[in-house]
Amino acid sequence: MATRDRFGRRLIQLYAGLTLYGTSSALLVRSGLGLEPWGVLHQGLARLTGLTIGVVSIIVGAAVLLLWIPLRQRPGLGTVSNVFLVGIAMDGTLALSPDVRSLAVRLPLLLAGIVLNGVATGLYISARFGPGPRDGLMTGLHRRTGRSIRSMRTAIEVAVVATGFVLGGTVGIGTLLYALSIGPLAQLFLRVFDVPPASGGSTVVAGGQPRRAILRR
């Protein structure tokens with residue numbers, strides 16, 4: 001019974017975390033003060049293609065997941081769910097929330113988006129159902145190249161931000177604030193939401209959960 005309860009809690013954490021991640025990313029979009037690195041790329045591609053930013057997020061996530069094949073990464077339930085649910089939640093939140101112009105509203109939206117993103121990260125990583133496709137790309141490259149996780153993360157995110165900016169994605173004070181604060185916030189909420197692993201593991205959990213990979217800056 002304890003194992004079943006633990007599994008149920010982990011599932012709730014996974015899907016609550018991924019939904020909240022998409023919602024928090026949408027708040028960053030509404031703030032207009034700068035997006036997280038991958039959000040900059042998604043927004044730039046959305047403006048280029050005419051697709052919604054959520055749909056672009058799903059397409060990019062699926063494309064990144066294909067890169068796992070040569071890296072010999074093993075996806076989990078959380079990995080596949082991440083690809084679809086974050087984009088769906090983002091588009092849903094954007095559809096329900098109005099555009100804002102006042103800085104007095106945009107700044108709180110930015111701060112709320114960053115904090116909630118940290119909460120979401122703690123929720124879905126602590127669920128232990130496998131890393132997101134973008135985190136898995138980083139850790140896979142780390143293993144294949146021998147380069148440090150910090151250097152791989154920096155190289156990927158700089159390339160992503162630069163490409164997104166050229167395509168019209170929003171880079172601003174929010175991008176910098178996110179980069180400085182998401183590590184400590186995620187570390188805090190990882191401790192809050194941690195679920196001790198059951199002995200014997202689970203068939204739907206991908207190995208090598210990249211906690212340090214996500215949090216190290």
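These points cover one helix and the salt bridges of a predicted model.

1. Helix α5 runs through residues 77-96, which makes 20 residues. At 1.5 Å a residue, α5 should span 28 Å, and its end C-alpha atoms are indeed 28 Å apart, so expectation and model agree. The helix nevertheless has a kink of about 30°, centred on valine 83. Valine 83 is also among the buried residues of α5, which include Gly78, Asn82, Val86, Met90 and Leu94.

2. The whole structure contains three salt bridges. Side chains of opposite charge can pair when their charged atoms come close.

3. One salt bridge joins the side chains of arginine 30 and aspartate 99, at 2.9 Å from N to O. Arginine 30 belongs to helix α1 (residues 2-31) and aspartate 99 to the loop between α5 and α6, so the pair ties together parts that are 69 residues apart in sequence. Arginine 30 has a relative accessible area of 18% and counts as buried because the cut-off is under 20%. Aspartate 99, at 65%, is exposed.

4. Another salt bridge links the side chains of arginine 128 and aspartate 194, again at 2.9 Å from N to O. Arginine 128 sits in the loop between α6 and α7, and aspartate 194 in the loop between α9 and α10, 66 residues apart. Arginine 128 is partly exposed, with a relative accessible area of 22%; aspartate 194 is partly exposed too, at 29%.

5. Arginine 153 and glutamate 157 also form a salt bridge, with their closest N and O atoms 3.2 Å apart. Both residues lie in helix α8, four residues apart, so about one helical turn separates them. Arginine 153 and glutamate 157 are both buried.

Notes: Residues are numbered from 1 along each chain as its sequence is written. This is a predicted model: local features need pLDDT of at least 70, side-chain atom pairs count only at pLDDT 80 or more; totals for chains, interfaces and linings use all residues. Side-chain values use heavy atoms; hydrogens and water are left out. Helices (H or I, at least four residues) and strands (E, at least two) are DSSP runs, numbered from the N terminus. The expected span of a helix is 1.5 Å times one less than its number of residues. The bend at a residue is the angle between axes fitted to the seven residues ending there and the seven starting there. Buried means under 20% relative accessible area, exposed over 50%, partly exposed in between (1.4 Å probe, protein chains only). A salt bridge is a side-chain nitrogen of Lys or Arg within 4 Å of a carboxyl oxygen of Asp or Glu.
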